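Here are a few exercises to work through with the model open on your screen. Try each task before you read its solution.

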Amino acid sequence: GIFSQGLFATTSDALPLSTLTIQSGGVLTHASNTIAQVSINKLSLTTLTVDSGGSIDVYAKGYSGGVTQGAGDTGDGPGAGGGSGSYGGGAGHSGTGGFSADSGAGGVAYCNNSNPDTLGSGSGTWNSGRSGFGGGLFIATVSGTFTLNGSLTAKGMAGTTYAGGGAGGGVNITARTVAGTPTSFDVSGGN
């Protein structure tokens with residue numbers, strides 16, 4: 001099944017649990033954000049286990065991308081990609097977003113890379129393209145063991161024709177012991 005933390009967690013509140021196991025087919029996610037960082041996953045646990053086939057998935061749950069096609073619309077978030085000319089710029093987060101082929105500005109970097117606590121920004125758009133939303137945010141403080149044998153993604157969404165990609169989101173895990181062999185671990189931006 002899918003467990004969505006929804007609007008419970010903000011940047012200051014953690015969902016306190018003793019043990020959480022995400023079994024095969026199970027998904028931990030959070031609600032989508034738009035113009036403000038409202039929904040994230042923030043957990044405080046003794047043990048966190050993601051079994052093979054289970055996932056922590058906050059793909060494209062960050063800031064929204066530009067929505068007005070044909071008008072050079074800028075995305076949302078502190079590192080929003082700009083919309084200009086004929087193409088939208090890529091969003092920034094951990095690094096600077098890419099400039100488009102026609103002066104759509106790439107977004108600025110703003111993530112604290114040693115302690116990520118922010119969502120990925122959305123990209124710019126123009127013409128018929130769909131801009132990319134940024135990746136979401138997963139924060140876990142695990143006093144015991146974090147075991148990842150499934151997947152964890154906070155990837156930004158790729159833009160379509162003439163639009164930039166959303167920035168990768170944030171993953172911040174503090175654990176006494178980290179174990180497992182992940183099937184995938186992706187916090188990259190969309191292309």
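The exercises below deal with a predicted model, going from the whole chain to single residues.

**Exercise 1. The overall make-up**

Work out how many helices and strands the protein chain has, and what share of its residues is buried.

Solution. Start with the secondary structure: you should get zero helices and 13 strands. Read from the N terminus, the elements are β-β-β-β-β-β-β-β-β-β-β-β-β. Next comes burial: of the 191 residues in the protein chain, 48% are buried. Then turn to the outside, where the accessible surface is about 7900 Å² and carbon and sulfur atoms account for 52% of that. Last, check the contacts with a separation of 6 or more: 73% of them link residues 24 or more positions apart.

**Exercise 2. The largest nonpolar core**

Find out which residues of the largest nonpolar core touch the most other members, and which element gives the most to this core.

Solution. The core has 17 residues, and the ones touching the most other members are L20, L28, L48, I56, F138, F146 and L152. Now map the core onto the strands: β3 (19-22), β5 (41-45), β6 (47-50) and β10 (137-148) each give two or more residues. β10 gives the most, with five residues. For a closer look, pick L48 and skip its neighbours within four places in sequence; what's left in contact with L48 is L20, F138, A140, V142, T145, F146 and T147. Apart from the largest core there's another one, of five residues, including I40, Y63, L137 and I139.

**Exercise 3. A positive phi**

Locate A60, give its phi, and decide whether A60 is buried or exposed.

Solution. Begin with the background: most residues other than glycine have a negative phi. A60 isn't a glycine, yet its phi is positive, at about 55 degrees. As for location, A60 is in the loop between β7 (55-57) and β8 (83-84). For burial, the cut-off is under 20% relative accessible area. A60 has 10% relative accessibility, so A60 counts as buried.

**Exercise 4. A glycine in a loop**

Place G26 in the chain, say why G26 counts as buried, and find how far G26 is from V50 in space.

Solution. G26 is in the loop between β3 and β4 (27-29). G26 counts as buried because its relative accessibility is 10%. Finally, take the pair G26 and V50: they're 24 residues apart in sequence, and their C-alpha atoms are 8.8 Å apart in space.

Terms used: Residues numbered from 1 in each chain as written. Predicted model: local features only at pLDDT ≥ 70, side-chain atom pairs only at ≥ 80, totals over all residues. Heavy atoms only, no water. Core = buried A, V, L, I, M, F, W, Y, C linked by side-chain atoms within 4.5 Å. Buried < 20%, exposed > 50% of the residue type's maximum accessible area, 1.4 Å probe, protein only. Helix = DSSP H or I, 4+ residues; strand = E, 2+ residues; numbered from the N terminus. Contact = heavy atoms within 4.5 Å. Areas by Shrake-Rupley, 256 points an atom, 1.4 Å probe, with all protein chains shown as cover.
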